[in-house]
Amino acid sequence: MGQRKRQNWITGWLMPIVIGVAIALCIRQWVVSAAYVPSESMYPAIPNPCYILVNKLATEIHGVQRGDVVVFHYPDDPSELYVKRVIGLPGDTVKVTNDAVYINGKKLSEPIITQPNENGLGTYHVPEGHYFMMGDNRPVSDDSRYWTHKYVARSAIVGEADFVLFPFAKMKSIPQHV
């Protein structure tokens, strides 16, 4: 193969492929990715099993707010990703009773929650730089109430769970701030 043909092959085929792969990897690393949700802990907001779209820029742009559904590294085993709703913000006192959740003494409005809090009742003080997470399907959710390390550090939050991607029959936007 002549020098000129080799250059044409590299610039015509190889470089666009390398650039495309690099762009795709950057998008996956810093913008959006997919995550698998195997459990019922976020039902009805997230059906199971399914794949969801994780918007990594959302939490960087508007921060982490109460009611956001976020994907994060599980505090007791950071190799695992979890998805839950943000209930307690840094500095909050969260009180979980059988029939409600209170934030700093005020009852949290949660119209999507249909099941009572049967376990994990108590008062939790969220440290600075951390968050208290709960699943929407409270009776089956493995969340902050039960973990050894109860709070999720800001640095462990990957992004906001925005959309159910698959299966296609369950495709929908994930409700935030309900």
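How many aromatic pairs does the count come to? The count comes to 9 aromatic pairs, and this tour will visit two of them in a model that is predicted.

**The whole chain**

Begin with the entire protein chain in cartoon view. There are 2 helices and 12 strands to find. Following the sequence from its start, one meets a helix, two strands and another helix, after which the pattern continues with strands to the end. Now display the surface: the exposed area is about 9900 Å², and 60% of it is supplied by carbon and sulfur atoms. Of the 178 residues, 39% count as buried. Among the contacts with a separation of 6 or more, 60% are made by residues 24 or more positions apart.

**Strand E11 and its partners**

Select residues 157-166, which form strand E11. Add residues 50-55, strand E2; E2 and E11 pair in the antiparallel sense over 5 bridges. Within this pairing, look for Val54, which stands opposite Ala161 of E11.

Next, select residues 69-73, strand E3. This strand is also antiparallel to E11, and 3 bridges join the two. Here Phe72 faces Ile157 of E11; keep Phe72 selected, as the tour returns to it.

Then move to residues 172-173, strand E12, which runs antiparallel to E11 and is joined to it by 2 bridges. Val164 stands opposite Lys172 in this pairing. Trace the chain from E11 to E12: the two strands form a hairpin, with 5 residues between them.

While the side chains are displayed, a general point is useful: in a regular strand, side chains alternate between the two faces of the sheet.

**Two aromatic pairs**

How many aromatic pairs were counted? The figure was 9. Show the rings of Phe72 and Tyr82: their centres are 6.3 Å apart and their planes lie at 55°, so the pair is tilted. Phe72 belongs to strand E3 and Tyr82 to strand E4 (residues 81-88), so the pair ties together parts that are 10 residues apart in sequence. Are these two residues buried or exposed? Both Phe72 and Tyr82 are buried.

Now turn to Phe132 and Tyr151. Their ring centres are 6.2 Å apart with planes at 50°, so this pair is tilted as well. Phe132 lies in strand E9 (residues 130-134), while Tyr151 lies in the loop between E9 and strand E10 (152-153), so the pair ties together parts 19 residues apart in sequence. Phe132 counts as buried because its relative accessibility is 0%, and the cut-off for buried is under 20%.

**Last stop**

Finally, select Phe72, Tyr74, Tyr82 and Trp147 together; ring pairs link these residues into a cluster.

Conventions:
Residues are numbered from 1 along each chain as its sequence is written. This is a predicted model: local features need pLDDT of at least 70, side-chain atom pairs count only at pLDDT 80 or more; totals for chains, interfaces and linings use all residues. Side-chain values use heavy atoms; hydrogens and water are left out. Helices (H or I, at least four residues) and strands (E, at least two) are DSSP runs, numbered from the N terminus. Buried means under 20% relative accessible area, exposed over 50%, partly exposed in between (1.4 Å probe, protein chains only). Contact means heavy atoms within 4.5 Å. Accessible areas come from the Shrake-Rupley method with a 1.4 Å probe; for residues, only the protein chains shown count as cover. Two strands pair if DSSP finds at least two bridges between them. Rings of Phe, Tyr and Trp (its six-membered ring) pair if their centres lie within 6.5 Å; planes under 30 degrees apart count as stacked, over 60 as edge-to-face and the rest as tilted.
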